[in-house]
Amino acid sequence: MSGLRYVYAVCHPYESPLQRQLSGVSGAPPKRLTHHGLVAVVSAVPEHEFTEEALRANLEDLDWLTATARAHQQVIDALTAVTSPLPLRLATVFRDDSGVRSMIEAREEELRRVLDRLSGRVEWGVKVYVEKPPESSDDTEAGRPAAKAVSGRDYLRRRRDRTRAQDDVWQRASEFSDRLHATLSAFAEDSRMHAPQNSALSGATGQNVLNAAYLVSRAESEEFVELVDREKDDVPGIRVELTGPWAAYSFAGEFSDDPGVES
């Protein structure tokens with residue numbers, strides 16, 4: 001296998017094969033590299049794209065970055081279907097197989113500790129969004145545009161009513177999110193709170209007020225999903241989004257940090 005070595009994840013040995021037609025970054029199929037009883041899932045990538053200098057430039061290319069991230073995630077998803085991988089950061093590249101083996105030897109104790117913790121577990125994501133509150137009944141009638149204010153006092157009253165309605169929704173969303181996170185954290189083996197997503201970047205409707213990840217046993221995942229369904233109810237103006245199961249990126253520590261090339 002010529003070229004640099006792109007490493008997707010490190011795993012305990014697993015028996016089930018990956019999808020036969022699975023392709024990784026740059027179109028190369030992922031392979032197993034076994035060393036000291038651990039498995040690194042790797043593929044060959046061209047030097048002209050993944051040397052340190054080339055990588056710095058490519059990470060600024062949105063099209064290249066999107067394609068690489070999609071291929072990376074495709075391999076991680078395939079691994080998650082057959083084992084509990086420790087996903088490595090995007091664009092973790094070594095010069096050759098010896099570099100990958102050296103990494104395993106240098107970090108073997110830490111790799112085993114994290115893999116043991118993730119074994120048999122997956123990550124679920126839960127987000128809570130505040131939708132834009134509906135206009136008050138004074139402002140709209142039968143879906144028609146609101147009538148113009150007839151006076152300054154009328155305008156101020158309508159504005160005050162809209163502000164109160166929005167504040168009420170935010171208060172309910174905050175209280176609901178706190179309760180939901182406490183309930184899910186008590187069920188899960190671990191949890192992580194992430195910064196709320198910017199709707200302008202994510203494309204999601206509404207304002208994100210809870211963005212959390214939960215580490216859950218595969219055997220208890222169905223119960224976790226049912227718990228989310230029971231807790232979310234139909235709270236007006238509040239939407240709950242559940243995603244997963246994923247590889248446990250949020251619980252991989254520094255292994256899923258910024259990309260880089262290693263010798």
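In this predicted model, Glu110 and Arg113 form a salt bridge through their side chains, with an N to O distance of 4.0 Å. Both belong to helix 5 (residues 108-118), and because they are three residues apart there, about one helical turn separates them. The count of salt bridges comes to nine. The points below cover these pairs, the two faces of helix 5, the four-stranded sheet and the nonpolar cores.

**Salt bridges**

- Of the partners in the helix 5 pair, Glu110 is partly exposed at 24% relative accessibility, whereas Arg113 is exposed at 52%.
- Arg117 and Asp190 also meet in a salt bridge, at 2.2 Å from N to O. This pair links distant parts of the chain, with Arg117 in helix 5 and Asp190 in strand 7 (residues 190-193), 73 residues apart. Arg117 has a relative accessible area of 33% and counts as partly exposed.
- A salt bridge of 2.5 Å, N to O, joins the side chains of Arg239 and Glu131. Here too distant parts of the chain are linked: Arg239 lies in strand 9 (residues 238-246), Glu131 lies in the loop between strand 6 (121-130) and helix 6 (152-187), and 108 residues separate them.
- Arg239 is partly exposed, with 24% relative accessible area, and Glu131 is partly exposed at 25%.
- Arg107, Glu110 and Arg113 form one network through salt bridges that share partners.

**Helix 5**

- Glu108, Leu111, Val114, Leu115 and Leu118 are the buried residues of helix 5. Because they cover an arc of only 135° around the axis, they fall on the same side of the helix.
- The other side of helix 5 carries the exposed residues Glu109 and Arg113.
- Strand 1, strand 3, strand 4 (86-87), helix 4 (97-106), strand 6 and strand 8 are the elements against which the buried residues of helix 5 pack.
- Helix 5 lies across strand 6, strand 7 and strand 8, and its direction is at about 70° to strand 6.
- Gly120, just after helix 5, has a positive phi of about 75°.

**The four-stranded sheet**

- Four strands make an open sheet in the order 7-8-6-9, and their pairing is antiparallel.
- Strand 7 and strand 9 are the edge strands; each has a single partner strand, so one side of each has no neighbour in the sheet.
- On average, neighbouring strands of this sheet are turned by 20° against each other, direction ignored.
- Strand 6 and strand 8 (residues 207-217) run antiparallel and are joined by ten bridges. Opposite Lys127 stands Asn211 of strand 8, and opposite Gly125 stands Ala213 of strand 8.
- Helix 8 (residues 221-232) also packs on the sheet, where it touches strand 6, strand 8 and strand 9; its direction makes about 10° with that of strand 6.
- Four bridges pair strand 7 with strand 8 in the antiparallel sense. Arg192 has Ala213 of strand 8 as its bridge partner.
- Nine of the eleven residues of strand 8 are buried, which leaves this strand mostly covered.

**Nonpolar cores**

- The largest nonpolar core has 23 residues, of which Tyr6, Tyr8, Val41, Phe50 and Leu79 touch the most other members.
- Strand 1 (4-11), strand 3 (38-45) and helix 3 (62-80) are the elements that give two or more residues to this core. Helix 3 supplies the largest share, six residues.
- Another core lies apart from the largest one and has 22 residues, including Val42, Met103, Val114 and Leu118. Val114 and Leu118 are also among the buried residues of helix 5.

Note on methods
Residues are numbered from 1 along each chain as its sequence is written. This is a predicted model: local features need pLDDT of at least 70, side-chain atom pairs count only at pLDDT 80 or more; totals for chains, interfaces and linings use all residues. Side-chain values use heavy atoms; hydrogens and water are left out. Buried means under 20% relative accessible area, exposed over 50%, partly exposed in between (1.4 Å probe, protein chains only). Two strands pair if DSSP finds at least two bridges between them. Axes are lines fitted to C-alpha atoms, for helices over the stretch in contact, and angles run from 0 to 180 degrees between N-to-C directions. Contact means heavy atoms within 4.5 Å. A nonpolar core is a set of buried Ala, Val, Leu, Ile, Met, Phe, Trp, Tyr and Cys residues joined through side-chain atoms within 4.5 Å. The arc is that of the directions from the helix axis to the C-beta atoms.
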